[in-house]
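Trainee: I am new to this structure and would be grateful for a close look at one part of it. Could you please take me through the loop that precedes the second helix, and place it within the chain as a whole?

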Amino acid sequence: MTTLHLLSRSPFGTPLDSTLRLLGVRDGLLLCGDACHALQPGSAPLQLLEHLPDSVALHALAEDLEARNLMAPERVRVVDYPSFVELCTRYDKVNGWL
């Protein structure tokens, strides 16, 4: 069973650590809101994301990246809201991290 994990809180602390521990090899992770700060160049959260297996799909919401003046690394697929909805249908479960 696959899960799309939605992370919207700051990646500097428990939410990202908890999420990464529970990621399955075929799961996906969508960064939105303040979680997009995980993509800051040279940050510890970005280093953690870069070490995930290639089978874990990484996504970031375009609107939230733009609001924070961030660019996504090549591995991260940038999605708009219609693509976000489509992602939710692609996985067996969707888990929002508070």
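Mentor: The account below begins with the whole chain, turns to the loop, and then follows its surroundings outward.

Please bear in mind throughout that this is a predicted model. The chain contains 4 helices and 5 strands, and along the sequence they follow the pattern β-α-β-α-β-α-β-α-β. The radius of gyration is 12 Å, close to the 13 Å that the globule rule gives for 98 residues, so the chain is as compact as a globular protein of that length. Along its principal axes, the C-alpha trace spans about 35 × 30 × 25 Å. Of the 98 residues, 46% are buried. Among contacts between residues at least 6 apart in sequence, 67% join residues at least 24 apart. The surface that the chain exposes comes to about 5500 Å², with carbon and sulfur atoms supplying 54% of it.

The loop you ask about lies between strand E2 (28-31) and helix H2 (44-50), and Ser43 is one of its residues. Ser43 has a relative accessibility of 8%; because the limit for a buried residue is 20%, Ser43 counts as buried. A polar atom of its side chain lies 3.4 Å from the backbone oxygen of Ala38. Beyond its neighbours within four places in sequence, Ser43 is in contact with Phe12, His37 and Ala38.

Gln40 belongs to this loop between E2 and H2 as well. With 29% relative accessibility, Gln40 is partly exposed, whereas Ser43 is buried. The side chain of Gln40 makes a polar contact of 3.0 Å with the side chain of His37. His37 is also one of the residues that Ser43 touches. When neighbours within four places in sequence are set aside, Gln40 is in contact with Phe12, Leu46 and Leu70. Phe12 is likewise among the contacts of Ser43. Gln40 can also be placed relative to Asn69: the two are 29 residues apart in sequence, and their C-alpha atoms are 9.8 Å apart in space.

A further loop, between helix H3 (62-67) and strand E4 (77-79), holds Arg68. Not counting residues up to four places away in sequence, Arg68 touches Gly33, Asp34, Cys36 and His37. Thus His37 appears again, here as a contact of Arg68. Arg68 is partly exposed, with a relative accessible area of 24%. Its side chain reaches the backbone oxygen of Asp64 at 3.2 Å. In contrast to the pair formed by Gln40 and Asn69, the C-alpha atoms of Arg68 and Asp92 are separated by 30 Å, with their positions 24 residues apart along the chain.

The interior comes next. The largest nonpolar core has 20 residues, and those with the most contacts inside it are Leu31, Leu39 and Leu49. Helix H1 (14-22), E2, H2 and strand E3 (57-61) each give two or more residues to this core. Leu31 touches residues that include Cys36, Ala38, Leu39 and Leu49, leaving out those up to four places away in sequence. Ala38 therefore links two parts of this account, because Ser43, which counts as buried, is in contact with Ala38, and Leu31 touches Ala38 as well. A second, separate core of 9 residues includes Leu61, Val79, Leu87 and Tyr91. Leu61 is also among the residues that Leu31 touches.

Two helices show what surrounds these buried parts. In H1, the buried residues are Pro15, Leu16, Ser18, Thr19 and Leu20. Their cover includes strand E1 (3-7), E2, H2 and strand E5 (93-97). In helix H4 (residues 81-90), Ser83, Phe84 and Leu87 are buried. These three cover an arc of only 105° around the axis, which puts them on the same side of H4. The face turned away from that buried side carries the exposed residues Pro82, Val85 and Thr89. The cover over the buried residues of H4 includes E1, E2, E3 and E4.

Key
Residues numbered from 1 in each chain as written. Predicted model: local features only at pLDDT ≥ 70, side-chain atom pairs only at ≥ 80, totals over all residues. Heavy atoms only, no water. Buried < 20%, exposed > 50% of the residue type's maximum accessible area, 1.4 Å probe, protein only. Polar contact = N/O pair within 3.5 Å; in protein donor to acceptor, adjacent residues only side chain to side chain. Contact = heavy atoms within 4.5 Å. Core = buried A, V, L, I, M, F, W, Y, C linked by side-chain atoms within 4.5 Å. Rg over C-alpha atoms; globule rule 2.2 N^0.38 Å. Areas by Shrake-Rupley, 256 points an atom, 1.4 Å probe, with all protein chains shown as cover. Arc of directions from axis to C-beta.
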